Structure formats: structure tokens, C-alpha cells
Amino acid sequence: MTDDDLRTTLRRADPAASLPPLPPARVDHLLEQTMATPFADAPTVTPPSRWRRTALLAAAALVLVVGAGLAWLQLRPPSGDDQVSTAAPTAITLTGAGIAAKCVEPTAEVLASRADLAFAATVRDVAGDTVTLQVTNVYKGAAVDLVHVPQAPGASEGLMGSGSFEAGKKYLVAASQGQIITCGYSGEADAPGLQGLFDAAF
């Protein structure tokens with residue numbers, strides 16, 4: 001584009017192009033007036049005060065910390081405490097054999113060979129003739145969470161300790177083919193010799 005082309009383009013864009021030209025005296029006066037008028041002081045940009053800068057930095061840091069915290073909460077791997085088991089607890093039912101024969105002195109060998117299930121548990125509740133045990137450790141057999149056992153006269157007489165299941169107490173229970181092994185092989189966890197018998201057998 002030449003200078004003439006540029007002037008032509010500017011004239012076309014000039015909104016005052018259709019107006020008659022000013023007289024030369026008027027142009028000179030306007031030019032003189034423009035040259036004599038001092039420039040207005042340019043607005044100065046006042047830097048923010050120290051307090052304001054500190055406040056802005058603190059606000060920015062707070063935004064970063066909160067943002068990082070929210071991101072961490074969203075992205076962090078779940079911990080063991082956060083995991084809620086939705087699976088139904090496994091449970092089995094045992095029956096009590098009663099004292100059908102004279103008990104002989106219990107041994108770890110017999111316990112290990114006869115028991116197909118042995119566990120430590122706490123009595124969660126006793127409802128009528130049914131006791132629900134919350135299993136805390138399985139010594140032998142498949143893992144299970146709850147075990148239901150009868151609380152019937154004659155069925156628990158062979159339990160070491162008080163002879164019956166009581167709510168909140170801890171027990172060591174051995175079973176064979178769905179029946180509790182009594183005669184010194186099951187009972188309260190703190191019954192003399194029972195824990196040692198389990199430790200030796202399993």
C-alpha cells in the first residue's frame with residue numbers, strides 16, 4: 001500500500017470528511033492552542049502498601065493451602081479406617097454334644113486331631129437358648145465372623161469355667177463336625193490350661 005492509498009483510506013474513514021475545510025486562520029489558532037496547552041500529568045500508579053501486599057500474599061497462600069487440602073481429600077488413597085465393609089458377616093451354627101461320656105484328661109494331640117474348627121470369641125449376645133459368638137481369632141478351620149451355639153442345659157456343662165456362655169466373656173471353642181468339643185477342650189478363655197492347650201495344638 002502506498003502513502004496515497006493510505007491517505008485515501010483514512011479520508012474515507014474520517015467522519016468529518018464531508019465537512020467543509022476550516023479556514024487557515026482557524027487551523028493556525030487551533031494548532032497554537034494545542035501546542036500551548038501543557039500535557040496533563042499522567043496518572044501515577046501507586047504501588048500497593050506493604051500491608052496490602054502482605055495481605056494479598058497471605059490471601060493467595062491461603063487459597064493455595066485450601067486448594068491443596070481439598071485436592072488431597074479428593075485424591076488421597078482410602079485408608080483402612082475409611083473402608084466400611086458392606087459384606088454380610090459369615091456365620092455358622094454349632095450344636096452342643098453334652099456330656100455323653102466320661103471325660104478324660106484333654107491333650108493337645110487329641111484336640112489337634114479331633115477339632116476341625118477352633119476359635120477364640122467373645123459372646124456378643126444371648127437370646128433365649130441361642131448364644132452368638134463374635135469370633136476374634138480362628139485357630140483352625142475356615143474363617144468365620146459369627147458362631148451360633150446353643151445355651152441349653154446339659155449342652156454347656158462341659159465348658160471349662162462357669163459352664164455356660166455369658167455375654168461379654170471371652171471363650172476358646174473347639175468343634176468337630178458342627179458340635180462343640182467339651183470335656184476340657186472348650187470354655188472360658190482364662191480357664192486354667194485352656195489357652196496353653198490351644199497354643200500347643202494349633
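## A salt-bridge network

Glutamate 166 is partly exposed, at 30% relative accessibility. The structure described here is a predicted model. The side chain of glutamate 166 meets that of lysine 169 in a salt bridge, with 3.3 Å from N to O. Lysine 169 is also partly exposed, and its relative accessible area is 29%.

Lysine 169 has a salt bridge with glutamate 188 as well, where the closest N and O atoms are 3.4 Å apart. Lysine 169 sits in the loop between β5 (146–150) and β6, while glutamate 188 belongs to strand β8, so this pair ties together parts that are 19 residues apart in sequence. Is glutamate 188 buried or exposed? With a relative accessible area of 9%, glutamate 188 is buried, because buried means under 20%. Through shared partners, the salt bridges join Glu166, Lys169 and Glu188 into one network.

## Another salt bridge

The count of salt bridges in the model comes to three. One of them is formed by the side chains of arginine 124 and aspartate 125, at 3.8 Å from N to O. Arginine 124 has a relative accessible area of 49% and is partly exposed. Aspartate 125 is partly exposed too, at 29% relative accessibility.

## Overall layout

How many helices and strands does the protein have? There are five helices and eight strands. Read along the sequence, they follow the pattern α-α-α-β-β-α-β-β-β-β-β-β-α.

The protein has 202 residues, and 22% of them count as buried. Its exposed area is about 14200 Å², and carbon and sulfur atoms supply 61% of that area. Contacts can also be sorted by how far apart the two residues are in the sequence. Among contacts with a separation of 6 or more, 56% are between residues 24 or more positions apart.

## Helix α5 and its buried side

Helix α5 covers residues 194–201, and its buried residues are Leu194, Leu197, Phe198 and Ala201. On which side of α5 do these residues lie? They cover an arc of only 95° around the axis, which puts them on the same side of the helix.

The next point is what this side meets. The buried residues of α5 pack against the helix α4 (108–114) and against four strands: β3 (117–127), β4 (130–140), β6 (170–176) and β8 (187–188). Two of these strands have already appeared in the salt-bridge section. Strand β8 holds glutamate 188, and β6 is at one end of the loop that holds lysine 169.

## Helix α2 in the open

Helix α2 runs over residues 24–36, a total of 13 residues. At 1.5 Å a residue, α2 should span 18 Å, and its end C-alpha atoms are 18 Å apart, which agrees. How many residues of α2 are buried? The number is zero, so α2 lies largely in the open.

## A nonpolar surface patch

Leu62, Val66, Leu70, Trp72 and Leu73 make a nonpolar patch of about 540 Å² on the surface. One of these residues, valine 66, is found in helix α3, which covers residues 50–75. Valine 66 has a relative accessible area of 44% and is partly exposed. That value fits its place in the patch, because patch residues need over 30% relative accessible area.

Definitions and conventions: Residues numbered from 1 in each chain as written. Predicted model: local features only at pLDDT ≥ 70, side-chain atom pairs only at ≥ 80, totals over all residues. Heavy atoms only, no water. Buried < 20%, exposed > 50% of the residue type's maximum accessible area, 1.4 Å probe, protein only. Helix = DSSP H or I, 4+ residues; strand = E, 2+ residues; numbered from the N terminus. Arc of directions from axis to C-beta. Contact = heavy atoms within 4.5 Å. Salt bridge = Lys/Arg side-chain N within 4 Å of Asp/Glu carboxyl O. Expected span 1.5 Å × (residues − 1). Patch = residues over 30% accessible without salt bridge, like charges linked within 9 Å, V, L, I, M, F, W, Y side chains within 5 Å. Areas by Shrake-Rupley, 256 points an atom, 1.4 Å probe, with all protein chains shown as cover.
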